[in-house]
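Q: I am new to this structure and would love a close look at the place where the ligand sits. Could you take me through it, and then through a few residues elsewhere?

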Amino acid sequence: MSNFFSQPRERIGTFPTPLEFMPRLAKALGGPRIYLKRDDLTGLALGGNKTRKLEYLLADAKRKGATHFITEGGVQSNHVRQSAAAAILGGMQAELVLNTPAPRDTPDAVPPLQGNYLIDDLLGANCHFVATGPDRKPKMAELAERIKAEGPPGSVPYVVVSGGSDAVGALGYVGMILEMNGQLVEQGVSPRCVYVANGSAGTQAGMLVGKTLFGGGYGIKGYCVVPGGAEEITQDTLMLANQCAARIGAEPVDASLVVCDDTQFGEAYGTPTPAALEAIKLLAHTEAILLDPVYSSKAFAGMIADIRAGVYGSDDAIVFVHTGGAPALFAKVDMLGPILGKTGRPQQRL
Ligand SMILES: Cc1ncc(COP(=O)(O)O)c(C=O)c1O
């Protein structure tokens with residue numbers, strides 16, 4: 001018997017998130033019934049999937065007496081934005097290590113105050129800039145040491161890995177499966193597949209543990225939005241799922257259930273593909289729901305490709321987990337031209 005229900009959790013999100021039928025989208029695509037699990041509506045400083053992970057990470061930090069909540073990401077990270085909000089609710093100071101192509105080390109020269117980074121700032125987080133992704137970890141370690149040595153007496157740093165994707169953070173998505181399974185029963189829906197974006201693997205890994213623990217007659221299909229290729233991301237996702245399962249004394253996940261598809265990755269992390277841009281426009285124009293340009297739009301494009309390939313009949317149902325991220329739209333204005341029919345430039349200065 002697993003001890004999932006006794007894991008410490010801080011209630012900082014708005015749950016359950018809705019499971020909604022998308023009639024206009026389904027009609028436009030002419031395929032199966034499509035449902036959205038609205039994890040873009042988790043409530044914490046504009047919501048998104050990280051809120052579920054942060055409920056467990058924040059509880060862990062509090063149990064360890066943390067005063068400073070340190071985490072990392074790109075300058076437009078959704079995880080970092082929600083972490084800054086979680087730190088406030090946990091009574092901690094957020095310390096954010098952000099990589100940005102143009103790091104500046106003077107206090108008044110910062111990246112464009114846009115999207116997620118604008119919100120980090122509004123939330124009172126301390127932002128520390130580095131040049132590249134690999135520079136983030138050593139900077140977090142340095143900050144943690146400095147807080148212990150030079151912070152006010154009693155200062156305790158708590159370091160959260162990229163995306164909140166460790167065995168603790170993934171617990172949030174174990175719980176999401178239980179929540180969604182209840183909604184599926186209530187609404188009389190038996191989906192064949194549940195689609196989700198995979199960045200740092202924690203969301204899909206947690207879902208796989210949840211399905212193993214609580215059941216579900218559906219497949220889970222993840223779309224990789226980071227480089228590495230399907231094989232590597234599949235391995236990472238399985239490893240994380242099994243670390244999470246071990247933490248709560250659950251059965252390991254069957255490796256054959258881990259499906260990560262890399263066909264929607266495109267040129268680079270953070271660069272929307274034409275299919276992702278089409279997905280953003282389609283969902284906005286049919287259901288007035290906003291996908292993000294980095295994660296959910298690529299996974300959504302994968303789901304559309306499956307529908308167009310005739311994978312589903314009209315009696316089938318599928319679910320898309322909307323993981324949020326719309327604040328990044330404001331920082332990618334220059335890339336949205338093809339769907340807007342005009343060019344735009346992010347505002348550099350307020
Ligand atoms: C909007 C959005 N969707 C999906 C993901 C991917 O989640 P994970 O990193 O748990 O794979 C992220 C991660 O940053 C995200 O911000």
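A: Let's start with a term that will come up often: a polar contact is a pair of N or O atoms within 3.5 Å; within protein, one must be able to donate a hydrogen and the other to accept it, and residues adjacent in sequence count only if both atoms are side-chain atoms. What you see is a predicted model, in which local features need pLDDT of at least 70 and side-chain atom pairs count only at pLDDT 80 or more, while totals for chains, interfaces and linings use all residues. Residues are numbered from 1 along each chain as its sequence is written, and side-chain values use heavy atoms, with hydrogens and water left out.

Now to the ligand. It is surrounded by 17 residues, and Lys-53, Gly-199, Ser-200, Thr-203 and Thr-323 are the closest; a residue counts as near if one of its heavy atoms lies within 4 Å of the molecule or strand in question. By class, this shell has 3 nonpolar, 11 polar and 3 charged residues. Here Ala, Val, Leu, Ile, Met, Phe, Trp, Tyr, Cys and Pro count as nonpolar, Asp, Glu, Lys and Arg as charged, and the others, Gly among them, as polar.

Domain 1 (4-49 + 166-340) and domain 2 (50-164) both contribute residues to the shell, so the ligand lies between them. The domain bounds come from an automatic or database domain assignment.

Some atom pairs can be picked out. Thr-203 has a polar side-chain atom 2.6 Å from an oxygen atom of the ligand, and a polar side-chain atom of Thr-323 is 2.6 Å from a ligand nitrogen atom. Of the ligand's 390 Å² of exposed area when taken alone, the protein buries 97%; accessible areas come from the Shrake-Rupley method with a 1.4 Å probe, and for residues only the protein chains shown count as cover. Helix 2 (50-63), strand 7 (193-198) and helix 7 (202-214) are the elements that give two or more residues to the shell. Helices (H or I, at least four residues) and strands (E, at least two) are DSSP runs, numbered from the N terminus.

In the loop between strand 7 and helix 7 you will find Ala-201. Its phi is near 80°, a positive value in a residue other than glycine. Most residues other than glycine have a negative phi, and most peptide bonds are trans. Ala-201 is buried, with a relative accessible area of 6%; buried means under 20%, exposed over 50%, and partly exposed in between (1.4 Å probe, protein chains only). Ala-45 also has a positive phi, near 45°, and sits in the loop between strand 2 (33-38) and helix 2. At 23% relative accessibility, Ala-45 is partly exposed.

A cis peptide bond, with omega about 0°, joins Phe-15 and Pro-16. Pro-16 belongs to the segment before strand 1 (19-21).

Two buried residues round off the tour. Arg-136, in helix 5 (residues 136-150), is buried at 12% relative accessibility, and its side chain makes a polar contact of 2.7 Å with the side chain of Asn-99. Thr-273 lies in the loop between strand 9 (259-261) and helix 9 (274-287). With a relative accessible area of 10%, Thr-273 is buried, and its side chain reaches the backbone nitrogen of Ala-276 at 3.0 Å.
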